[in-house]
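Reader: I'd love a close look at how helices pack against each other in this protein. Could you walk me through one such part and then show me what else is worth a glance?

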Amino acid sequence: MRRRCPNPNCHREPSLLVSRTLESPRSRLIVRKGSFYRSRDRRFITKYFCKNCRRHFSASTHSPDYRQKKRDLNPVVAQLFSSGMSQRRMAILLDVNPKTIVRKFRIMAARARAEHEVRLNQLAKAPLSEVQFDDLETFEHTKCKPLSVTLAVNKKTREILGFQVSRMPANGRLAEISRRKYGHRKDERQKGWDLLFRALRLVVRSGACLESDQNPHYPKFIRRHLKNVCHIAHPGARGAITGQGELKKLVFDPLFALNHTCAMLRANLNRLFRRTWCTTKKPEGLIDHLSIYLRYHNTVLIRP
Ligand SMILES: [Zn+2]
């Protein structure tokens with residue numbers, strides 16, 4: 001297996017294994033130099049030495065889990081994040097510090113976002129013809145500070161194509177209380193819709209059909225970013241059971257793919273449960289959690 005020198009200032013070609021220098025015409029530029037025992041997963045890891053820049057590295061240096069002490073927990077932590085478990089409970093069950101879980105949370109979210117970018121570029125080669133989108137409501141810290149999650153899914157496969165989290169002002173009887181306690185709250189939903197539809201431009205083909213509810217703001221953003229698509233706005237429907245806003249009491253729900261996905265978010269992300277202790281403290285945390293779930297949903301949950 002070819003080894004790359006991790007030193008960015010090492011000017012030799014990275015794939016060059018055999019040195020052409022005069023003093024040692026055929027000696028290897030990167031040589032094996034012992035090994036070390038990694039007790040966490042009980043493995044011996046080979047060490048290497050670059051003769052060009054005299055740097056040592058190991059078979060683990062280029063691993064995405066480089067310098068993680070509890071790397072063996074990553075697969076199970078990724079599953080638990082998308083299975084309705086709180087971060088504190090995960091720390092108890094896996095016998096690690098809660099800070100370890102938080103660090104893994106952030107790393108996994110960043111990695112999931114990078115993977116999703118790759119997936120969107122793949123989809124751009126075969127753009128979709130049927131997409132559904134809608135907003136799901138949650139909150140940060142208190143119901144007086146609502147957040148809106150705009151979600152777009154592929155109607156045929158229920159694959160999540162993208163989401164945006166935006167702050168919005170409270171409405172109804174909480175509006176007055178919210179203003180009194182926390183002051184004016186900006187409505188950032190327009191910015192969220194703008195970003196989501198811009199991202200969808202890549203993966204939606206010309207002549208595609210977009211479906212949503214009758215939110216009066218949507219047509220403007222669709223026209224701005226997507227050319228030659230038809231938009232069908234379905235009238236809203238009541239939830240099947242009290243507290244289950246997403247699964248509708250209809251025999252045929254035209255927005256089933258989207259509503260089912262929202263119901264899965266509510267069932268699998270502890271912070272989106274109805275009546276839960278676990279709440280979003282900052283929108284960034286919700287974005288990270290949704291990124292991790294998106295990856296699990298698209299790669300595991302909806303695969304046959
Ligand atoms: Zn080097």
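Author: Happy to! A helix axis here is a line fitted to the C-alpha atoms over the stretch in contact, and the angle between two axes runs from 0 to 180 degrees between their N-to-C directions. Two packed helices are described by the angle between their axes and the distance between the axes. Please keep in mind that this is a predicted model.

With that in hand, take helix 3 (residues 98-125) and helix 8 (residues 283-301): their axes come within 8 Å and cross at roughly 55°. Angles under 35 degrees count as roughly parallel and 65 to 115 as roughly perpendicular, so helix 3 and helix 8 are oblique to each other. Their crossing is left-handed. On the helix 3 side, the residues in contact are F105, R106, M108, A109, A112, R113, E115 and H116. Facing them from helix 8 are G285, I287, D288, H289, S291, I292, L294, R295 and N298. Sorted by class, this contact has seven nonpolar, five polar and five charged residues.

A second pair can be read in the same manner. The axes of helix 5 (residues 189-200) and helix 6 (residues 218-225) come within 9 Å and cross at roughly 40°, and this pair is therefore oblique as well. Here helix 5 passes helix 6 in a right-handed crossing. Helix 5 brings Q190, W193, D194, F197 and R198 to the contact, while helix 6 brings Y218, K220, F221, I222, R224 and H225. By class, that gives five nonpolar, two polar and four charged residues.

Now for two charged residues outside these helix pairs. D65 sits in the loop between strand 3 (55-58) and helix 1 (74-81). Buried means under 20% relative accessible area, so D65, at 17%, counts as buried. Leaving out residues up to four places away in sequence, D65 touches R71, N74 and R111. The C-alpha atoms of D65 and I107 are separated by 9.3 Å, although the two residues lie 42 residues apart along the chain.

R38, in strand 1 (residues 30-38), is buried too, with a relative accessible area of 14%. With the same sequence neighbours left out, R38 touches R43, I45, S60 and R71. R71 thus links the two stories, being touched by R38 and by D65. The side chain of R38 also makes a polar contact with the side chain of S60, at 3.3 Å.

Conventions
Residues numbered from 1 in each chain as written. Predicted model: local features only at pLDDT ≥ 70, side-chain atom pairs only at ≥ 80, totals over all residues. Heavy atoms only, no water. Helix = DSSP H or I, 4+ residues; strand = E, 2+ residues; numbered from the N terminus. Buried < 20%, exposed > 50% of the residue type's maximum accessible area, 1.4 Å probe, protein only. Polar contact = N/O pair within 3.5 Å; in protein donor to acceptor, adjacent residues only side chain to side chain. Contact = heavy atoms within 4.5 Å. Parallel < 35°, antiparallel > 145°, perpendicular 65-115°, else oblique. Left-handed = near helix turned anticlockwise from the far one by under 90°. Nonpolar A, V, L, I, M, F, W, Y, C, P; charged D, E, K, R; others polar.
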